[in-house]
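Work through the exercises below with the structure in view. Try each task before reading its solution.

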Amino acid sequence: MTTLTSALYHAAFYADMVLTVGSACVVAFSKNIVRSAFSLLLTFVGVAGLYGFLEADFLVATQLLIYVGGILVLLLFAVMLTHRISNIKASNETSFSALAALAATGIFLVLVEVGTKTHWDVKGGPLGESTRPIGLLLMGDYLLPFEVAAMILLAALIGAAYLARNAIRK
Amino acid sequence: MSPTALALVQDLRLFLPEVILVLTTLLVIVLDVTPVRKSHRALLYLTFCGLLLSGIYLLRHYVDLRESGGRASSSNVLLFGNSIALDPFAVYFKGLFLLVGLLTGVLSIRYKKLNPAGEGEYCVLLLCSTLGLFLMVGSRTLLMAYLGLELVSIPSFVLAGFQRDSRLSNEAALKYTIYGAIASGIMLYGMSLLFGLAGSLDFAAIRHALEGQTELRASPLLLSVSMLMILAGFGYKIACVPFHMWCPDVYEGAPTPITAFLSVGPKAAGFGVILRFFYQSLSTHSGGGDWTPIVDQLQWPIVLSVLSVATMTVGNLAAVAQTSLKRLMAYSSIAHAGYLLMGVVVLSKDGIFAILFYLAVYVFMNFGAFLFVVFLHDLVGSEDIEGCRGLGWRAPFPCIAMAICLFSLTGLPPLGGFIGKFYLFLGVIGRELYWLAILGVLNSVVSLVYYARVVKAMFLENIPRGEAEPLPVPFFYSAAFAVLVAPILLLGVYWAPLVKLARYSSSIFGA
């Protein structure tokens, strides 16, 4: 890699990190739940970028399709359809902020220590395209987890339909 | 067919109890939406049939395992690319879960608050949750343990809030969901840390990785952090301190049959997963049915013994002040998670055996107590201790049954609960953890205070004026109480068969 592309690569990486962490801070600290929900969009995109830097092409696609395209839109619908959500006093209330800050800092420091001091089991070399191998694994060794996930979704769907059903007929 | 596909099909034959549960689920869904007129509770009875059929196939697996000597070397015992183990340990737990599923259904028959229009959904969610319990105790990888746990959790979130018009039930569902989501998230973080260290999701492979590489032993911090995080997920399922906060509110708000289900099913499955994970990944089998922690700096048994004492103490002390029977039982179930944790920390086959034995008795004691809550609500319209006043003279049989369940929960002889606790304490004393045993016994004494309070209200307190007539007890309740109490009494005097079964079942895969 030439110096210029290397520099650009690093710049892109740090820009992505600033985007992710910055928008995550807005999600956590904003008093306005609509603003939190919209910042979550940038967080999800930033995480997709992080997967890109790790050369996990399949994860980038799923992150964008499922989190940005699906879950976030759902979340926004929920926020917008909830009756006068921003008027509710307790919507994003912060309490025990000093204690929470202390605990969060402590956990953060421990995780940094863990992340930097551990000999991770790194599989070297570029991964190449990952979609095909993932698909084969899901139909082979990981068939059972794949099917169990289907059962979880079925249960969630039926449960959600029951809870959301307007009036009970019969 | 490719070799993989062939292996999968072969594995499927050893997976029939689970397959039957799935098929029953689908059948209930289809029948629920077809416009055929169904008699009252028809789908519930169909669910019973599915559970019983699954039990027949489970029994066949048990017989097959027995005949092959339950050998860990037998190649047929690991299913689906090593993600599921079929060993006596798993089969024992699955038998308990089928019993739990059936008893939950029985309790639901007479539970009036249950919405008849939601019967199909109720059965589907109950079956899915039972399937999740099956997968949890069979899991041999972090991935399956997580998926099993979610398959238990997500249906139970809805079941806890099944009475949509009840504020308490809604609150229960919401609290359970929020706590559950956070616990899962923390657990996944811990699992990913462990995966990063070991490079595998498989319990045994994690152990090999930890044993094999010497420089890994220098990262006890990472191991402790990931272990504690994973414990947050499992601890939430068994409701041990400090992951117990959801328990009283959820137990109080959920429909009573579901409360009974939650107090036994997920708790037992949580212990199954904890035993597998801690014994197979974080311990070395040192022969003779004993284990030692894999890394010297990570003395997880000490962490768990502290949690055990904290759990039983918090549970018992908080239970003393309760007035609602369901909240009282919630704290009692927290305390029992503490007692059962004593069996985990001893790191021996005796400990596993004691847990298995106790859980079997616990199913009957807890369902007996919750059946009484259903009974009380059905006939007196109350779920409080206040509602039991003088009931002992108006409806003697249910009250005596309840008293037996409560005394057995305390651990008084000559009842099944005493034998169970005896084995738990025996394991602890065998490991010379005398302080733990003493604190456990002290806790049992405290628990007598609140259990006896209920019995006192039933038998020794004056009947409220104008309610002195005997209460006609429907046959359903008499029969159900008899079925639940008989094993408790029987196991108090003749416990050898269950001991034999639990001893045999305490062989986890690979040990």
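The exercises cover the interface of two chains, then two loops and a helix.

This is a predicted model, where local features need pLDDT of at least 70, side-chain atom pairs count only at pLDDT 80 or more, and totals for chains, interfaces and linings use all residues. Residues are numbered from 1 along each chain as its sequence is written, chains are lettered from A and ligands numbered from 1 in the order in which they are written, and side-chain values use heavy atoms, with hydrogens and water left out.

**Exercise 1.** Find how many residues chain A and chain B each bring to their contact, and how much area they bury.

*Solution.* Start with contact, meaning heavy atoms within 4.5 Å. Chain A brings 33 residues and chain B brings 44 residues. Next take buried area, the accessible area (1.4 Å probe) that two parts lose on being put together, summed over both. It comes to about 3,200 Å², with 78% on carbon and sulfur atoms. L144(A), M151(A) and Y162(A) supply 21% of the area that chain A buries against chain B, more than any other three residues.

**Exercise 2.** Locate the salt bridge between chain A and chain B, then name the elements on the chain A side.

*Solution.* A salt bridge needs a side-chain nitrogen of Lys or Arg within 4 Å of a carboxyl oxygen of Asp or Glu. The count between the chains is one. R165(A) pairs with E121(B), and their closest N and O atoms are 3.1 Å apart. Now turn to the elements, with helices taken as DSSP runs (H or I, at least four residues) numbered from the N terminus. On the side of chain A that touches chain B, α4 (97-117) and α6 (143-164) each give two or more residues. α6(A) gives the most, with 14 residues.

**Exercise 3.** Is S348(B) buried or exposed? And D165(B)?

*Solution.* Buried means under 20% relative accessible area, exposed over 50%, and partly exposed in between (1.4 Å probe, protein chains only). S348(B) has 5%, so this residue is buried. Its loop joins α13 (325-345) and α14 (349-379) of chain B. D165(B) has 74%, so this residue is exposed. Its loop runs between α6 (142-160) and α7 (167-198) of chain B.

**Exercise 4.** Check the span of α7(B).

*Solution.* The expected span is 1.5 Å times one less than the number of residues. For the 32 residues of α7(B), that should be 46 Å. The end C-alpha atoms are 46 Å apart, which agrees. Just after this helix, G199(B) takes a positive phi of about 75°.
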